[in-house]
Every structure is written in structure tokens, then in C-alpha cells.
There are 2 protein chains.
Amino acid sequence: MAEFFNVLPPDEARAIWWAQVTRRVDVEMLPTHESLGRVTAQAIHSPEALPAFKRSTVDGYAVRAADTFGASDSLPAYLDVIGEVLMGQAAAVTVGKGQTALIHTGGMVPDGADAVVMVEHTQSFSDQEIEIHKPLASGENVLQTGEDVTQGAEILPVGHRIQPQDIGALLALGLADEIAVMQRPRVSLFSTGDELVTPDTQNLQPGQIRDINSGTIQALCRRAGAETQLHPIVRDQPDALYAALTEAFDDADMLVVTAGSSVSARDMTADTFNRMGAPGVLVHGVAARPGKPTILAVVDGKPVIGLPGNPVSAMVMFTLFGVPAISYLMNTALPRQNRMQARATVNIPSVAGREDHVPVKLVQREGEIWAEPVFGKSNLIFTLVGAAGLLKVPLNTTGLREGAWAEVVLF
Amino acid sequence: MAEFFNVLPPDEARAIWWAQVTRRVDVEMLPTHESLGRVTAQAIHSPEALPAFKRSTVDGYAVRAADTFGASDSLPAYLDVIGEVLMGQAAAVTVGKGQTALIHTGGMVPDGADAVVMVEHTQSFSDQEIEIHKPLASGENVLQTGEDVTQGAEILPVGHRIQPQDIGALLALGLADEIAVMQRPRVSLFSTGDELVTPDTQNLQPGQIRDINSGTIQALCRRAGAETQLHPIVRDQPDALYAALTEAFDDADMLVVTAGSSVSARDMTADTFNRMGAPGVLVHGVAARPGKPTILAVVDGKPVIGLPGNPVSAMVMFTLFGVPAISYLMNTALPRQNRMQARATVNIPSVAGREDHVPVKLVQREGEIWAEPVFGKSNLIFTLVGAAGLLKVPLNTTGLREGAWAEVVLF
């Protein structure tokens with residue numbers, strides 16, 4: 001059968017495909033507050049030191065550490081209180097020998113002082129004098145200038161997916177107005193098939209089914225950080241598919257077609273990809289289950305995918321190829337959160353030379369996470385409802401033994 | 001010190017707090033395509049059977065299984081081809097004894113037939129007759145009506161966070177127009193402190209720092225599915241804080257104040273929460289590090305949180321209390337993706353009776369995930385930059401040994 005002339009292991013298929021993908025999304029400027037989950041378009045360096053001044057990490061008294069050497073409950077040190085450091089202001093006092101100033105957490109350590117004694121370790125008899133019961137080392141309870149980050153340091157590398165704490169780090173340095181990030185990839189989605197009707201169709205005729213793949217693939221795209229364009233259902237006619245794809249091509253960074261599951265429908269998809277431009281179809285058939293008849297193509301540097309029509313196969317294959325491609329278009333890797341390790345609850349047989357992706361539920365057992373297969377045909381969408389992700393049975397094994405660790409890619 | 005009168009373990013603190021939270025967000029109707037990540041407001045039942053008709057799962061010929069009994073390479077069964085089932089149409093033929101019809105994957109199995117033989121197991125000598133080399137069982141390569149889901153079955157429970165495959169399942173059943181989901185909780189964010197200036201301030205005066213907590217907490221809220229309202233910085237004056245909170249109260253489902261880190265700033269926050277209404281402050285101090293001086297309150301059934309001013313403490317405590325509260329307001333549990341198991345790369349000392357949350361990087365070692373602590377003071381936001389999440393050192397241990405499994409909550 002023609003479509004299986006070139007069945008490749010998934011990792012090899014992805015490498016061959018990506019080698020021809022030259023497309024990258026453009027850069028846009030966004031306010032830092034709106035940059036969560038976006039990918040840095042360039043490395044970002046610190047314009048200043050953080051903190052910009054020496055700060056106290058406790059409520060207490062700013063002191064010269066030397067004045068506290070040897071202090072104890074039985075032999076306290078006595079210091080003169082010369083003032084208070086107000087929050088948000090430069091310290092108005094200079095701490096001399098034998099002197100101290102009241103200070104609050106986050107306050108600016110005044111000149112002369114090099115440590116802060118916690119209020120719990122002092123005793124105050126008047127506004128003018130305190131006892132200190134504990135010796136301090138120089139620098140104790142003080143954040144030094146630049147201790148968080150030094151001026152000029154690289155704070156985020158290029159290709160970094162921005163996390164909540166990164167937003168905090170940028171804001172701390174005054175980098176609030178705008179930041180250069182990669183645009184969201186635009187993915188154009190097509191479903192083909194004479195049997196398909198739109199999902200809002202209420203009275204199905206015999207033989208008709210509703211198009212669900214555009215909805216599931218759209219959701220996977222959005223979760224991966226892409227924008228989507230849903231196109232009308234295309235009938236099983238080569239010229240109609242060619243016209244729809246070429247019309248959408250310029251405004252898309254990636255195109256995805258879910259074809260019917262028959263051989264002729266898949267051949268039509270592959271022929272159309274080749275007709276659109278070079279290099280065309282690079283992979284036609286992947287050594288994976290479910291989803292073997294997947295088509296990976298490149299046209300004019302843009303990734304183009306042909307997915308099987310079965311809803312489970314389509315989701316599995318898009319998770320395997322489409323989701324990482326969205327990150328690739330933004331010059332970054334998959335976020336860590338999409339994968340975890342879990343142990344198989346049962347023996348899972350497989351075939352060497354084929355990578356299996358088994359829908360699983362995750363269950364907790366004595367502090368460990370176990371993956372419990374949800375078996376079902378690849379045509380049954382309810383196989384996936386309730387599944388948390390896909391357990392990978394690696395290529396060169398004949399299966400997983402009960403209790404074996406394996407990777408789960410989460411939906 | 002007054003604020004530590006009631007230091008509770010985190011789980012106990014959360015239980016006491018939630019017991020008083022009566023607030024739940026309202027229900028809204030959304031198109032199914034736009035419901036990714038939202039929470040179902042009611043259980044959803046299937047209005048029809050899926051598939052709605054018997055479908056072939058292969059390309060081949062629809063047959064009566066009885067006609068193939070005993071078929072083999074040496075003794076094939078011969079059947080008359082009486083037509084073809086076209087995609088998207090009711091089968092126009094009825095398969096009688098000794099007859100068969102060409103059918104494609106997903107096509108409607110015609111009356112009379114109860115199995116489909118794969119084209120690979122047939123030989124065709126003319127358009128009118130095929131040889132079959134393999135016996136079929138009744139039902140082979142056929143999806144039965146209702147095999148995916150039966151009419152009336154519960155397809156999604158109430159309180160379910162909608163995944164991509166769930167969207168597919170709803171669309172398959174024609175539930176495309178609208179679905180009842182919980183609104184996004186509205187979280188009002190306040191930062192207080194005389195030392196704070198807005199993050200876009202370019203020339204800091206000595207003693208000033210930029211407000212970063214509203215940015216990090218906003219990002220955590222958004223990731224958890226909430227909408228946020230950032231309010232102007234509030235000075236350290238009880239009446240100003242009271243006025244700001246009460247003005248925002250009606251339009252918020254939850255309020256979050258990051259206070260300065262000094263004792264007086266925290267006391268002001270707690271006093272203001274109590275002034276706003278009953279029951280007021282329920283927890284003032286959590287047996288956790290970092291973030292001990294966290295305040296959990298309820299006013300008029302709504303959750304109100306006072307976070308420490310240190311950026312690391314604020315993020316850790318909001319991850320521990322605020323993020324789950326957002327799910328709670330939507331009547332659901334945290335998504336599974338927010339947590340994973342990992343092994344400690346080093347011994348991590350702790351103190352029994354205190355739950356430690358250690359920022360960690362995740363590294364892969366021989367197929368397992370290990371958590372490598374990123375040590376740093378809780379004032380240093382760059383401690384968190386690059387960290388993937390927080391490793392939990394449980395309450396009643398004196399630490400984790402190298403190699404021990406523990407839970408990591410991902411940012």
C-alpha cells in the first residue's frame with residue numbers, strides 16, 4: 001500500500017520534518033504584565049543592580065557588627081538609638097560607633113551600619129538606648145546591593161517561556177512597559193470528508209458524522225500557545241482541498257488537515273501537499289500507534305500536517321508532532337509541565353519497532369504516580385474523556401511490565 | 001508577638017479557611033469551542049447514541065460473517081459485489097446471503113451485513129466478485145451503534161475542568177452551541193507599602209522598590225483561570241487600605257493584599273480584614289517556610305488573603321492557598337498538571353511541625369525526574385527565576401534524604 005512506503009519512528013520523522021522547516025514567527029512587543037507564557041525573542045539583561053540599596057531583611061536595629069562582638073544575655077552591648085529609618089526613604093542618619101537606628105523589614109540600611117539585629121534579640125529601656133544580647137556578623141540580616149542580580153547580568157535567555165516569577169523579575173528591574181516576545185503561531189485547521197457535517201448539526205442523516213477533530217486540535221493548539229483559524233469542512237475533492245489550503249497559506253504559520261481515514265482520502269491529502277510546493281511530503285506513515293497514517297510535509301518552509309480522521313489518532317499524533325511544532329515555530333522547547341513520569345499499573349504489550357501511545361488515567365499510590373491504561377478503539381472519543389494523557393511505550397521494546405516507569409505526555 | 005498566636009499547618013489552615021468560604025462564582029453559557037479549561041456547572045448527559053449508526057473501522061467489504069466461516073487461502077469464500085457504500089450517505093444496498101458491498105473507513109455498514117473484511121484479505125477478479133481468505137466473527141471491524149457512548153449516559157460530571165478531548169466529545173454529540181460553565185473568578189490585587197513604587201518607575205529614589213508582587217500574583221491567578229484587577233499601590237495607612245478594599249469588594253470574588261514584611265504592616269492588614277466584616281481573620285500565621293506570616297480571612301463569605309511582602313514568600317503562599325482557592329470558587333479541584341513527583345538530589349533538612357517549600361529545578365536522570373533545590377533568601381526573586389516549582393518537605397519530618405520521592409507543585 002503506497003502510503004506506507006516510508007514508515008519512520010516518531011523521533012526520526014520529526015527530525016526529518018523539522019530539518020526543512022525554516023519558518024519562525026515574527027517578534028512583537030508586549031507589556032510585561034501581558035507576557036505570561038510567551039517566549040522571549042532575545043536575551044534580556046539587567047539594566048541595574050537589584051536591590052539597588054542595602055536592605056534589612058528583619059525588623060530591628062541597624063548596627064555596626066563590631067559593636068556587638070561578645071554581646072550575651074549576661075553581658076549585653078548598649079547602643080544609643082539615634083533615629084528611625086522610614087520605609088521608602090533614604091536613611092537620614094549615619095550610624096557611628098556605639099550607635100544604632102530603628103529599622104523595618106525592607107528598609108534601607110543607613111551608612112555606617114553593616115548588620116541588623118532582630119528586635120527579638122534586643123531589650124529597650126527608653127527611646128534612647130537598647131541592650132543587645134547576641135553578637136552579629138558583618139552583613140547579618142542585610143541584603144547587599146546587587147545580591148539578587150547584578151547590573152548587566154543575563155536575566156532571561158532567548159527562547160525562554162515566561163513564567164510568573166520571570167514577570168516579577170522583569171518588573172523588579174523596571175522592565176515593565178514592553179518586552180520582545182515571539183508572536184503566537186497561527187495554525188489553520190481543515191477537516192475533510194464527504195461524511196462530515198458541522199458540530200452544530202442537530203439532525204444527522206444516516207452516514208453523516210459531526211466534525212470533531214477541528215475542535216480537539218484547536219484546543220490543543222490554544223493550550224500550546226497558538227492562535228487558530230477554523231476553516232469550513234472540505235469535501236473529498238482534490239481541487240477543493242488545494243484551493244482551500246492555498247487560500248489560507250499566506251496567513252498561516254502551520255496548516256493541519258484531518259483527512260478521512262480511508263486510503264483514498266489520505267492519498268488525496270498527500271497528493272495535495274505535494275502539489276502545493278516543495279519539498280512537499282517528507283514523511284508518510286509513522287511507526288506509532290495509534291496514528292500510523294500521519295503525513296508530515298513542508299511547503300515554502302512552513303510545516304503542514306495530515307492527521308488521520310479517527311479522533312483518538314488525530315489527538316495522539318497532533319500531541320506528538322503538532323504541539324512540539326508550535327514551540328519550534330517560536331524557537332523554544334516544550335514546557336516541562338506537559339510531561340511526567342508514571343508507573344504502569346498493568347503489563348502493556350507492544351511490538352518492537354513501533355512506539356505506542358496509550359491513553360491513561362493517573363492514580364496516586366503511596367506517594368507515587370501510576371498510569372492506568374484506558375483501552376478503547378481509536379475511533380472512540382470517549383476513550384480519551386477522563387484520560388489524563390498518553391503513556392509512551394518506547395520504540396524498541398515489546399511492551400512495559402507492570403510497575404515500570406514510563407513517560408506520560410499530558411493533554 | 002501577636003501575629004503568631006495561631007500558627008497552623010497548611011492543610012489545617014486551608015480547611016478552617018474554606019469552611020467559612022460560601023462564595024461560588026456564577027454560571028455562564030459559552031460556545032463549546034471556547035470552553036477549554038473552564039469548569040462544568042452541571043453534569044452533562046448524552047442527547048443521543050454515538051455513533052448514531054453502525055460504522056466500518058476499515059477499508060474493505062461489508063459481509064455477513066456467516067458467509068465467511070471456514071474461508072482460507074486454499075478454500076476462499078466467493079461473494080457477489082452488489083454495490084458501494086458512499087461516505088456520508090445511508091447505505092443504499094442490503095447485503096443478502098452470498099453478497100457483499102464495497103465500504104470505506106467510517107462508512108455506514110449496510111443492512112444485512114454484520115462485519116467488514118479488510119481489503120488486504122480479499123482478492124478481486126472483477127467488479128462483480130471477490131474472494132475472501134479469512135473467516136470473520138460477527139461484529140468484526142464494525143463500531144456498533146452507541147458503542148462510544150449510549151444515549152442518556154453522563155458524559156461529563158459537574159465540576160469537571162474541560163480538556164481538549166472533552167470538547168471533541170461534546171461536539172460529536174451536537175452539543176456545540178453553548179455549555180454551562182463556571183465564570184472565571186475575579187481576583188482583586190492590592191500591594192501595600194510606603195516603600196513601593198509602580199514597576200514602570202525608572203529612577204528609583206533611595207529606599208524605594210518597585211511593586212512586583214501584584215505582577216507575579218496576577219500571573220498565578222491567570223494561569224489558574226481567574227481574571228484579575230490590579231489596584232493602585234496603597235500606603236501604610238489603615239484607613240487607606242480599608243477604603244481601597246471596601247470599594248473593590250462587591251466586584252471581586254477574592255481579595256489579595258501583599259503587605260509589607262514588617263510586623264506593623266502585617267498587623268495593619270489583619271486589623272483591616274477584621275474591620276471589613278465577619279468572620280474576619282481565621283488564620284494568622286502558617287507553619288510553613290517561607291511565608292509563615294500569611295493571613296487567611298473571610299468577609300461576607302469571600303476569601304481574603306494577606307501575603308507576606310517578600311516576593312518568594314508571596315508566590316509560595318499564593319501557590320499554596322490562592323491557587324487552590326480559585327479552583328474552589330469554581331467548585332472544582334486543582335488540575336493534575338500542577339503537581340508531579342520527583343526525587344531530591346540532596347539531603348534537605350527541615351524541622352518537624354513545619355512544611356517547607358523549596359524552589360527546585362527539575363532534572364532528568366535515567367528516566368526519572370529529580371528535584372534540585374535552588375537555595376536563596378526569600379527576598380530574592382531571582383531564586384525563583386529558573387525554578388520549575390516547589391518541592392514540599394512534609395510537615396512531620398525533619399527533612400528529605402537524598403533520593404527520597406516528594407511532591408513538586410509546578411509554577
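**Reading the two chains and a helix pair**

User: In this predicted model, what rotation and what shift along its axis superpose chain A on chain B?

Analyst: A rotation of 180 degrees, with 0.0 Å of shift along its axis, brings chain A onto chain B at an RMSD of 0.0 Å. That is the relation of a two-fold axis.

User: How many residues of each chain are in contact, and through which surface do the copies meet?

Analyst: The size of an interface is often given as the accessible area lost when the parts come together. Here the description rests on residue contacts, with 81 residues of chain A in contact with 81 residues of chain B. Among the elements of chain A that each supply at least two residues to the side touching chain B are α2 (164–172), α3 (213–223), α6 (311–329) and β22 (339–344), and the largest share, 8 residues, comes from α2(A). By class, that side of chain A has 38 nonpolar, 28 polar and 15 charged residues. Since 100% of the interface residues of chain A are also interface residues in chain B, the copies meet through the same surface.

User: At what angle do helices α4 and α5 of chain B pack?

Analyst: Angles between 35 and 65 degrees fall outside the roughly parallel and roughly perpendicular ranges and count as oblique. Helix α4 (residues 238–249) and helix α5 (residues 263–276) of chain B pack at about 50 degrees, with their axes 10 Å apart, and are therefore oblique to each other. Their crossing is right-handed. The contact includes B:Leu241 and B:Leu245 of α4(B), and B:Met268 and B:Arg275 of α5(B); by class, it has 6 nonpolar, 2 polar and 2 charged residues.

Notes:
Residues are numbered from 1 along each chain as its sequence is written. Chains are lettered from A and ligands numbered from 1 in the order in which they are written. This is a predicted model: local features need pLDDT of at least 70, side-chain atom pairs count only at pLDDT 80 or more; totals for chains, interfaces and linings use all residues. Axes are lines fitted to C-alpha atoms, for helices over the stretch in contact, and angles run from 0 to 180 degrees between N-to-C directions. Helices (H or I, at least four residues) and strands (E, at least two) are DSSP runs, numbered from the N terminus. Angles under 35 degrees count as roughly parallel, over 145 as roughly antiparallel, 65 to 115 as roughly perpendicular and the rest as oblique. A crossing is left-handed if the near helix is turned anticlockwise from the far one by less than a right angle, and right-handed if clockwise. Two residues are in contact if their C-beta atoms, placed from the backbone, lie within 7 Å. Ala, Val, Leu, Ile, Met, Phe, Trp, Tyr, Cys and Pro count as nonpolar, Asp, Glu, Lys and Arg as charged, and the others, Gly among them, as polar. Copies are superposed by least squares on the C-alpha atoms of residues with pLDDT of at least 70 in both.
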